[in-house]
Amino acid sequence: DKVTKMFKYNPFVPIGCLVTVGVLINGVRAMKQKDRVKSQQMMRFRVAAQGTTLIALVIGTLIANHFASTSSSE
């Protein structure tokens, strides 16, 4: 129930978390195969995915607070 509510509240955060985990798993797999180029690329993608998820979290929180404050002032 809590996960469903969070997904409805800001759907980009759970999606970003899943993308981050997927890229991380792919990067670890590349490390085990000793593919340095792919491993480095996946770790860079992981950082980008984490940053995007963080931005989505902040923007979603700001939007929710804005709508909460406008609905309470009416």
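A residue is called buried here when its relative accessible area is under 20%, exposed when that area is over 50%, and partly exposed in between. Keep those cut-offs in mind as we walk through this predicted model, because they let us place Thr 53 straight away: with a relative accessible area of 11%, Thr 53 is buried. We will come back to Thr 53 once the overall layout is clear.

Let's begin with the whole chain. It contains 3 helices and 0 strands, and from the N terminus on the order of elements is α-α-α. Helix α1 covers residues 2-9, helix α2 covers residues 12-32, and helix α3 covers residues 36-73. As for confidence, the average pLDDT of the chain is 89, and 97% of the residues score at least 70. Among the elements, α1 has the lowest mean pLDDT, at 78, while α2 has the highest, at 94. It is worth remembering that value for α1 when we reach the residues of that helix.

What about the overall shape? Along the principal axes, the C-alpha atoms fill a box of roughly 60 × 25 × 10 Å. The radius of gyration of the chain is 17 Å, whereas a compact globule of 74 residues would have one near 11 Å. Of the 74 residues, 19% count as buried. The accessible surface of the chain comes to about 6,000 Å², and carbon and sulfur atoms account for 67% of that surface. Even so, parts of the chain that are distant in sequence do meet: if you take the contacts between residues at least 6 apart in sequence, 50% of them join residues at least 24 apart.

Now back to Thr 53, which lies in helix α3. Which residues does Thr 53 contact, once its neighbours within four places in sequence are left aside? The partners are Val 13, Gly 16, Cys 17 and Thr 20. Since helix α2 runs over residues 12-32, you can find these partners of Thr 53 by following that helix in the viewer. Another pair to look at is Thr 53 and Leu 18: they are 35 residues apart along the chain, yet their C-alpha atoms are separated by 9.8 Å.

Ser 39 gives a second view of helix α3, where this residue lies. Is Ser 39 buried or exposed? Its relative accessibility is 10%, so Ser 39 counts as buried. Not counting residues up to four places away in sequence, Ser 39 touches Gly 27, Ala 30 and Met 31.

Between α2 and α3 there is a loop, and Lys 34 lies in it. Lys 34 is exposed because its relative accessibility is 71%. Its backbone deserves a look too. Most residues other than glycine have a negative phi. Lys 34 is not a glycine, yet its phi is positive, at about 60°.

For a contrast with the buried residues of helix α3, turn to Arg 44, which is also found in α3. Arg 44 has a relative accessible area of 58%, so it counts as exposed. Arg 44 can also serve as a ruler along the chain: Arg 44 and Ala 68 are 24 residues apart in sequence, and their C-alpha atoms are 36 Å apart in space.

The next stop is Tyr 9, in helix α1. Tyr 9 counts as partly exposed because its relative accessibility is 42%. Setting aside residues up to four places away in sequence, Tyr 9 touches Gly 60, Thr 61 and Ala 64. Ala 30, which we met as a partner of Ser 39, is far from Tyr 9 by comparison with those contacts: Tyr 9 and Ala 30 are 21 residues apart in sequence and 35 Å apart in space, C-alpha to C-alpha.

Tyr 9 also leads us to the surface. Together with Met 6, Leu 54, Leu 57, Val 58 and Leu 62, Tyr 9 makes a nonpolar surface patch of about 570 Å². Two elements, α1 and α3, each give two or more residues to this patch, and the largest share, 4 residues, comes from α3. Val 58 is one of the patch residues and lies in helix α3. At 44% relative accessibility, Val 58 is partly exposed, so here the walk through helix α3 ends at the surface patch.

Technical notes:
Residues are numbered from 1 along each chain as its sequence is written. This is a predicted model: local features need pLDDT of at least 70, side-chain atom pairs count only at pLDDT 80 or more; totals for chains, interfaces and linings use all residues. Side-chain values use heavy atoms; hydrogens and water are left out. Patches are made of residues with over 30% relative accessible area and no salt bridge: like charges are joined within 9 Å, nonpolar side chains (Val, Leu, Ile, Met, Phe, Trp, Tyr) within 5 Å. Accessible areas come from the Shrake-Rupley method with a 1.4 Å probe; for residues, only the protein chains shown count as cover. A salt bridge is a side-chain nitrogen of Lys or Arg within 4 Å of a carboxyl oxygen of Asp or Glu. Buried means under 20% relative accessible area, exposed over 50%, partly exposed in between (1.4 Å probe, protein chains only). The radius of gyration is taken over C-alpha atoms; the globule rule is 2.2 Å times the number of residues to the power 0.38. Contact means heavy atoms within 4.5 Å. pLDDT is the predictor's confidence in each residue, from 0 to 100.
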